[in-house]
Amino acid sequence: MRMLLKVQMDTTASNEAIRQGTLPGIVEKAMGELRPEAAYFTTQDGCRTAFIFFELADSSQMPKFSEPFFLQLGAKVSYTPVMNREELAKGLAAMAAGD
């Protein structure tokens, strides 16, 4: 299932990771594990925030993907199922067909 993984990094912890030079490695390792369709980085609610779109094969993968952000960056992490344009069209067509 396609997911949006939102990672809001704790400012103090992420500042320290920047000072120590570890933030790029943390992000690169996560991207290697997640193999995202897309990843965007911004600020939200005053925190460094990543929006990562990826395919979650099984919910048992959530700890593997979440824990590095919790442990190394004190992050708030959330998962939201998402659809692309084609999947939305398919879902709407199924509704119209009464499925």
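**Exercise 1.** In this predicted model, determine which residues Ser-14 touches, leaving aside those up to four places away in sequence.

*Solution.* Step 1. Set aside the residues up to four places from Ser-14; the residues it touches are then Met-9, Arg-48 and Leu-73.
Step 2. Locate Ser-14 itself: the residue belongs to helix H1, which covers residues 11–20.
Step 3. Locate two of the partners. Strand S1 comprises residues 2–9, and Met-9 is one of the residues touched. Strand S3 comprises residues 47–55, and Arg-48 is also touched by Ser-14.

**Exercise 2.** Decide whether Ser-14 is buried or exposed.

*Solution.* Step 1. Recall the cut-off: a residue counts as buried when its relative accessible area is under 20%.
Step 2. Read the value for Ser-14, which is 0%.
Step 3. Ser-14 is therefore buried, because its relative accessible area is 0%.
Step 4. Place this beside the whole chain, in which 28% of the 99 residues are buried.

**Exercise 3.** Describe how strand S3 pairs with strands S1 and S2.

*Solution.* Step 1. Take S1 and S3: these strands run antiparallel and are joined by 8 bridges. Within this pairing, Leu-4 stands opposite Phe-53 in S3.
Step 2. Take S2, residues 38–44, and S3: their pairing is also antiparallel, with 7 bridges. Here Gln-44 faces Cys-47 in S3.
Step 3. Examine the link between S2 and S3. The two strands form a hairpin with 2 residues between them. In the turn, Asp-45 has a positive phi of about 55 degrees.

**Exercise 4.** State the order of helices and strands along the chain, and determine why the chain is described as more spread out than a compact globule.

*Solution.* Step 1. Count the elements: the chain contains 4 helices and 4 strands.
Step 2. Follow the sequence, which gives the pattern β-α-α-β-β-α-β-α.
Step 3. Compare the radius of gyration with the globule rule. The chain has a radius of 16 Å, and the rule gives 13 Å for 99 residues. Because the chain's value is well over that of the rule, the chain is more spread out than a compact globule.
Step 4. Consider the box filled by the C-alpha atoms, taken along the principal axes: roughly 55 × 25 × 15 Å.

**Exercise 5.** Find what share of the chain's contacts between residues at least 6 apart in sequence joins residues at least 24 apart.

*Solution.* Step 1. Keep the contacts between residues at least 6 apart in sequence.
Step 2. Among these, 68% join residues at least 24 apart.

Methods: Residues numbered from 1 in each chain as written. Predicted model: local features only at pLDDT ≥ 70, side-chain atom pairs only at ≥ 80, totals over all residues. Heavy atoms only, no water. Buried < 20%, exposed > 50% of the residue type's maximum accessible area, 1.4 Å probe, protein only. Contact = heavy atoms within 4.5 Å. Rg over C-alpha atoms; globule rule 2.2 N^0.38 Å. Pairing = 2+ DSSP bridges.
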